[in-house]
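Hi everyone, thanks for making time this morning. Please have the sequence and the 3D view open while I talk.

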Amino acid sequence: MKKVILTGDRPTGKLHLGHYVGSLQNRVMLQKENQDMYIMIADQQALTDNADNPKKIIESVTEVALDYLAVGIDPNKTNIFIQSQIPQLAELTAYYLNLVTVARLHRNPTVKQEIKDKNFNESIPAGFFTYPVSQAADITAFGATHVPVGEDQKPMIEQTREIVRDFNRIYNKEVLVLPEAVLPPQNQGRLVGIDGQGKMSKSLNNGIYLSDTPEIIKQKIMKMYTDPNHIRVEDPGKVEGNVVFTYLDIFDPNKEEVNLLKEQYQKGGLGDVKLKLRLNEIMQEMLEPIRLRREEFAKDKAEIYNILKQGSLKAEERAQKTLDDVKDAMGINYFK
Ligand code: TRP
C-alpha cells in the first residue's frame, strides 16, 4: 500500500528550535516526489481552547506556514493546508463522535493533563474535550498510513485506531485506513529550553525561535542555564543538566572537540562565556539561512495564502472522497 504521511501543528505562535529538532527536520527528510505527504495547520483544534482569542490563532497560521517554508518544506512535494478550510473534517467528526463514549474521552491521558494545565476545572469546552475525535477525522480523511508525532500524541493515534476498527466493523467494509504513529527515536526526546527547567515551550518563555534575530539568539545563549556552582573559570563544572553542553551535543558537528571541552570543563579551567560563544557561532550558522528564507517568503503574504489555498483545495478533494465512502458505507446517501 502506498505510504500516506500526515502531521499537523496547532497554530498558537511561531515555531522554535524544539519544533525544528523534534519534527520539522524529520518532515523535510520525509518529503519525496511520488508520495503523499500532508501537513495540516490545525487552526480549528487550536480554537477549541482559544475561543476568546481567535486573532492569535489566525495570525499564527501565516507564521507557522512561514516557518515551514523557511526550514525547507516544499509545497511542490508536501501538501500544506488549513484545517478549518476542509469542512469535510467537521462532518466526519460528527459521525465518529457516535462511536466514542464520554468515559473513553475522559481516559485520554494527554487531554487529562491539558485540562489540568489549562485550569479548566469543571468548565471544559466541549469542543476541546472531543478534539481527539476531530483529530481522528484529520487522520482518516486523507487515508494516512503514517503519522509522525511526539510521545504526547500517542493517545490520539490510539483513539483514531479504535474509531477506524469500530467503523469498519460496524459497517462491514474496509472504508477507513488504520494509521500508525511514528514516534521519534527513544534517545531523542523533546529539546530542553534555555532555562534548563523544562522542555522548550512558548508558555515557559524559554525558547529560541526560528525567526529570532542574531542579537536575540546571542542574548538567549548568553543567559543559558549552565552549572550554578561553576562560578570561577578554574572551578570544576558539571556537564549533566548543563544546557550549553546539551545543545553542543546536538548541534556541534565536531563531537571529538565537544568531548575534550567536557573533560576540560569538569576538571576546571573552561569558562561559561567561552563555551557559550562557541555555541553561539554554531547556532548562528545554522539559523541564518532559515531566517533569511523566512524573511524572503514574508515579503509576499499573498503568495503564502496562495500556497495554503492550493494545498487546501487539494486536501478538500481528498477528504471529500473519504466522506463519500463513509456516507455510502453508512447508507446515508439518499439522493445517489
Ligand atoms: N494535536 C496536535 C498537536 O497538538 C496537532 C494535530 C491536529 C495533529 N491534528 C493532527 C497531529 C493530526 C497529527 C495528526 O500538536
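**Salt bridges, a ligand and two loops**

Let me start with glutamate 114, which has 13% relative accessibility and therefore counts as buried. By buried I mean under 20% relative accessible area, with exposed being over 50% and partly exposed in between, using a 1.4 Å probe and protein chains only.

Before going on, a word on what you are looking at: this is a predicted model, where local features need pLDDT of at least 70 and side-chain atom pairs count only at pLDDT 80 or more, while totals for chains, interfaces and linings use all residues. Residues are numbered from 1 along each chain as its sequence is written, and side-chain values use heavy atoms, with hydrogens and water left out.

So which side chain does glutamate 114 meet in a salt bridge? The partner is arginine 10, at 3.1 Å from N to O. A salt bridge here is a side-chain nitrogen of Lys or Arg within 4 Å of a carboxyl oxygen of Asp or Glu. The two residues are 104 apart and sit in distant parts of the chain: arginine 10 is in the loop between strand 1 and helix 1 (17–30), and glutamate 114 is in helix 6 (residues 109–117). Helices (H or I, at least four residues) and strands (E, at least two) are DSSP runs, numbered from the N terminus. Arginine 10 itself counts as partly exposed, because its relative accessibility is 22%.

Arginine 10 also brings us to the ligand. One of its polar side-chain atoms lies 3.2 Å from a ligand oxygen. I count a polar contact as a pair of N or O atoms within 3.5 Å; within protein, one must be able to donate a hydrogen and the other to accept it, and residues adjacent in sequence count only if both atoms are side-chain atoms. Two glutamines join in: a polar side-chain atom of glutamine 45 is 2.7 Å from a nitrogen atom of the ligand, and for glutamine 153 the distance from a side-chain N or O atom to a ligand nitrogen is 2.9 Å. How much of the ligand's accessible area does the protein cover? Of the 370 Å² that the ligand has on its own, 90% is covered; these areas come from the Shrake-Rupley method with a 1.4 Å probe, and for residues only the protein chains shown count as cover.

Which elements give two or more residues to the shell around the ligand? They are strand 1 and helix 8 (131–141), and helix 8 has the largest share, with three residues. Residues around the ligand, meaning those with a heavy atom within 4 Å of it, include Leu6, Gly8, Met40, Asp138 and Val149. By type, the shell has six nonpolar residues, four polar and two charged. In that split, Ala, Val, Leu, Ile, Met, Phe, Trp, Tyr, Cys and Pro count as nonpolar, Asp, Glu, Lys and Arg as charged, and the others, Gly among them, as polar.

Now strand 1 itself. It covers residues 4–9, and five of those six are buried, so the strand is largely enclosed by the rest of the structure. Strand 1 runs parallel to strand 2 (residues 36–41), joined by six bridges; two strands pair if DSSP finds at least two bridges between them. Across that pairing, glycine 8 is opposite methionine 40.

Back to charges: the structure holds 20 salt bridges. Lysine 118 pairs with aspartate 49, with 2.8 Å between the closest N and O atoms. Lysine 118 sits in the loop between helix 6 and helix 7 (126–129), and aspartate 49 in the loop between helix 2 (43–47) and helix 3 (54–71), so this pair ties together parts 69 residues apart in sequence.

Arginine 294 bridges to aspartate 67, where the closest N and O atoms are 2.6 Å apart. Arginine 294 belongs to helix 13 (residues 272–298) and aspartate 67 to helix 3, so parts 227 residues apart in sequence are tied together. Both residues are buried, and Glu63 joins them in a network of salt bridges.

Last, two backbone details. Asparagine 121 has a positive phi of about 50° although it is not a glycine, and it is found in the loop between helix 6 and helix 7. Asparagine 172, in the loop between helix 9 (154–170) and strand 5 (180–182), also has a positive phi, near 60°. Most residues other than glycine have a negative phi. Buried or exposed, then, for asparagine 172? Exposed, with a relative accessible area of 69%.
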